[in-house]
Amino acid sequence: MTMNNLVNFLTNILVIIVPILHGFEGVELPKVERSLTKNGFHRELTTKITFGKSLFKNFSNCDVMVLELLPPGAYIDPFQLRTLREFGGPRFICDPVDVEQPEYLASSLNVSLYTSALTDDMDDLMTSVTIPIHLRYHRPSSSVEYTLVSIPKPLLLLSCTAKDYTGAVIGEEDLSCTSATLIKCRWTMVEYLIDDDDDDIKVTVPVGQTSHTILVVVGTILMTVAGSFIILLKTLKFKHGIKEKVS
């Protein structure tokens, strides 16, 4: 089963099961907090997860995965994440990414993030993961100056060596045990509460105006010519200096 098919399958299950789970009173669920920081086209997405200790028989046997479902308007840079990994960044697996594509040519992106180990915080167990998120340029428009990019809520999965998780579950799937191996482990998709009235994170992105086309083209040509002229002058001046020293 491909990653896209897996995500679609699990998402369909989530849509059906979640309303049923919410109908039960007194069911304890883990809590997820999401935040998007920094400005412009380059942001940081942080996901904090809190489990009640009562949800586990033995939490030390469990690993946590966050499966992000990024829309065409957003992407991660695998090279950047691999570099950050050398300095303690998150372990990850993702689909191939073309970082140069505009939004209207790009596809949605699935990113599996392996979080840090669960830490004991009084009555709760906590973990988090932070990744750089980049926004793509949209097709120029004659009527729209801004558009919204919606990053949906992620899927939360656990892999435990035994039946150590006692909370509400949605389904199971065999996925890579870690980002460094093709060996599969049994991961359990768990239901959770998100600390926001709106499940999606929405980002406002500016859209280029078609009415600015001539200005942009002329400005680009002028800057290119000016830059080339400056480089030519510097080169000639450098060569002239070398000749004077030689003579």
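The legends below describe three close-up views of a predicted model.

**View 1. Surroundings of H138 in the loop between β8 and β9.** The loop that holds H138 runs between strand β8 (124-135) and strand β9 (146-151). H138 has a relative accessible area of 16% and is therefore classed as buried, the limit for that class being under 20%. A polar contact joins the side chain of H138 to the backbone oxygen of R136, at 3.3 Å. Leaving aside residues up to four places away in sequence, H138 touches E103, Y104, T147, V149, V205 and V207.

**View 2. F59 in the loop between β2 and β3.** Strands β2 (42-52) and β3 (62-70) flank the loop in which F59 is placed. The relative accessible area of F59 is 27%, so this residue counts as partly exposed. With residues up to four places away in sequence not counted, F59 is in contact with L118, D120 and L125. The C-alpha atoms of F59 and T161 are 10.0 Å apart in space, while the two residues are separated by 102 residues in sequence.

**View 3. A nonpolar surface patch made by I214, V218 and L222.** The patch formed by these three residues, I214, V218 and L222, covers about 310 Å². One of its members, V218, belongs to helix α3, which spans residues 213-246. V218 is partly exposed because its relative accessibility is 41%, a value between the 20% limit for buried and the 50% limit for exposed residues.

Conventions:
Residues are numbered from 1 along each chain as its sequence is written. This is a predicted model: local features need pLDDT of at least 70, side-chain atom pairs count only at pLDDT 80 or more; totals for chains, interfaces and linings use all residues. Side-chain values use heavy atoms; hydrogens and water are left out. Patches are made of residues with over 30% relative accessible area and no salt bridge: like charges are joined within 9 Å, nonpolar side chains (Val, Leu, Ile, Met, Phe, Trp, Tyr) within 5 Å. Accessible areas come from the Shrake-Rupley method with a 1.4 Å probe; for residues, only the protein chains shown count as cover. A salt bridge is a side-chain nitrogen of Lys or Arg within 4 Å of a carboxyl oxygen of Asp or Glu. Helices (H or I, at least four residues) and strands (E, at least two) are DSSP runs, numbered from the N terminus. Buried means under 20% relative accessible area, exposed over 50%, partly exposed in between (1.4 Å probe, protein chains only). A polar contact is a pair of N or O atoms within 3.5 Å; within protein, one must be able to donate a hydrogen and the other to accept it, and residues adjacent in sequence count only if both atoms are side-chain atoms. Contact means heavy atoms within 4.5 Å.
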